[in-house]
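Trainee: I'm new to this one and would love a close look at a single part. Could you walk me through the charged pairs, slowly?

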Amino acid sequence: MKLSQFKFKLPDELIAQRPATARDECRLMVVHRKTGEIEHKVFKEILGYFGEGDVMVFNDTRVFPARLYGNKEKTGAKIEVFLLRELNEEHKLWDVLVEPARKIRIGNKLYFGDDESMVAEVIDNTTSRGRTLRFLYDGSHEEFKANLFKLGMTPLPEYIQREPEEQDAEDYQTIFARNEGAVVAPSAGLHFSRELLKRLEIKGVEQGFLTVHSGLGAFREIDVEDLTKHRMDSEDMNVSEELVEMVNKAKDDGKQVCAVGTSTLRGIASAVSMGGHMKTYTGWTNKFIFPPYTFTVATALVTGFHLPYSTMLMMTCAFGGYDLVMRAYHEAVKEGYRFGAYGDAMLIVD
């Protein structure tokens, strides 16, 4: 498939700038793969599509406050620093993006905070925008992380055209977030409230968790028309024995396995064994999924409405079928569904 096949007209006003008032009261479009039927619901009505023994798999990664601003030594120029991942705990080395990149060279020092008490030195240039920073801090690693994150802001996607607010620290985080390491929220999981999870549990729907630390790779612009030539950034992930046993039992019993979010779907697809089962996995995945692709584990998908040309849209089309998903997207635009991380949701079922 070609990049140009994932273009559609999306009015700016349909890109959600804030979440729904209640997590589980956004709109839900239900797409049936076998019949092509499209239904319009409220998210909490998702209960009606799952029953006892079915499994929902969530991504329990936790987003950290990755965006911060510092000042360059001598000139005082304001520099935006986006923390990507910690490279070395002992030496406090971090992989970061900087803007404006042209002003930052190896050896420069950056000062953070009103009192400039947090200092970092640029020790490596990795890409045109990427740098490695060494933070100069004498306290414990726990104190360092606490102080660093105090300076940071919620890393909202660029299409949300406003500065992060205090409420975003809660809104842009799933209620089951546990394992810190993501700079992109697994946004399909944002729609689940505690009440809805409890009602699913009462109904006998099992809840399993894997971890995929979502990075900026999902948002990186694809610059090739031939999708086979695009390379995804690697993301750290973990699939536990507990989840594997839960999912494989559901498969053997003929029950549904629902991936909540494209990051979860990608994680499951990266841990597939023979015979359409899952296996434990700890490591990195750079799996890029686009149509045509055969999924052997997940039978249902909860996802959001993604922007044109995005890898998440491509994965959704791979799961639901290109023609059906693109038809659903055109209907979503016509019906005024909200797009992006804070937007509405789609459920794809057989």
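Trainee: To start us off, is Arg33 buried, partly exposed or exposed?

Mentor: Before anything else, keep in mind that this is a predicted model. Now to your residue: Arg33 is partly exposed, since its relative accessible area is 26%, and buried would need a value under 20%. Its side chain joins that of Asp350 in a salt bridge, with N to O at 2.9 Å. Look at where the two partners sit: Arg33 is in the loop between strand E1 (27–32) and strand E2 (38–42), while Asp350 is in the segment after strand E17 (345–349), so this pair ties together parts 317 residues apart in sequence. Asp350 is partly exposed too, at 39%.

That bridge belongs to a set of 15 salt bridges in the structure. The general idea is simple: side chains of opposite charge can pair when their charged atoms come close.

Next, try Asp60 and Arg178, whose closest N and O atoms are 3.0 Å apart in their salt bridge. This pair also links distant parts of the chain, 118 residues apart: Asp60 is in the loop between strand E3 (55–59) and strand E4 (61–63), and Arg178 is in the loop between helix H2 (168–171) and strand E11 (179–182). Here the partners differ in cover, because Asp60 is buried at 3% relative accessible area, whereas Arg178 counts as exposed at 52%.

Then there's Arg266, which forms a salt bridge with Glu235, the closest N and O atoms lying 2.5 Å apart. Arg266 belongs to helix H5 and Glu235 to strand E13 (residues 235–239), so the pair ties together parts 31 residues apart in sequence. Both ends are covered this time: Arg266 counts as buried at 3% relative accessibility, and Glu235 is buried with 5%. Arg266 has plenty of company in that respect, as helix H5 (residues 262–269) has 8 of its 8 residues buried, among them Thr262, Leu265 and Ile268.

Salt bridges can also chain up. Arg18, Arg162, Glu165 and Asp168 are linked in a network of them.

For a contrast, turn to some charges that sit together without a salt bridge. Glu89, Glu90, Glu142 and Glu143 gather in a surface patch of negative charge. One of these, Glu89, is found in the loop between strand E6 (78–88) and strand E7 (93–99), and Glu89 is partly exposed, with a relative accessible area of 48%.

Conventions
Residues numbered from 1 in each chain as written. Predicted model: local features only at pLDDT ≥ 70, side-chain atom pairs only at ≥ 80, totals over all residues. Heavy atoms only, no water. Patch = residues over 30% accessible without salt bridge, like charges linked within 9 Å, V, L, I, M, F, W, Y side chains within 5 Å. Areas by Shrake-Rupley, 256 points an atom, 1.4 Å probe, with all protein chains shown as cover. Salt bridge = Lys/Arg side-chain N within 4 Å of Asp/Glu carboxyl O. Lys, Arg positive; Asp, Glu negative; His and termini not counted. Charge placed at Lys NZ, Arg CZ, Asp CG, Glu CD. Helix = DSSP H or I, 4+ residues; strand = E, 2+ residues; numbered from the N terminus. Buried < 20%, exposed > 50% of the residue type's maximum accessible area, 1.4 Å probe, protein only.
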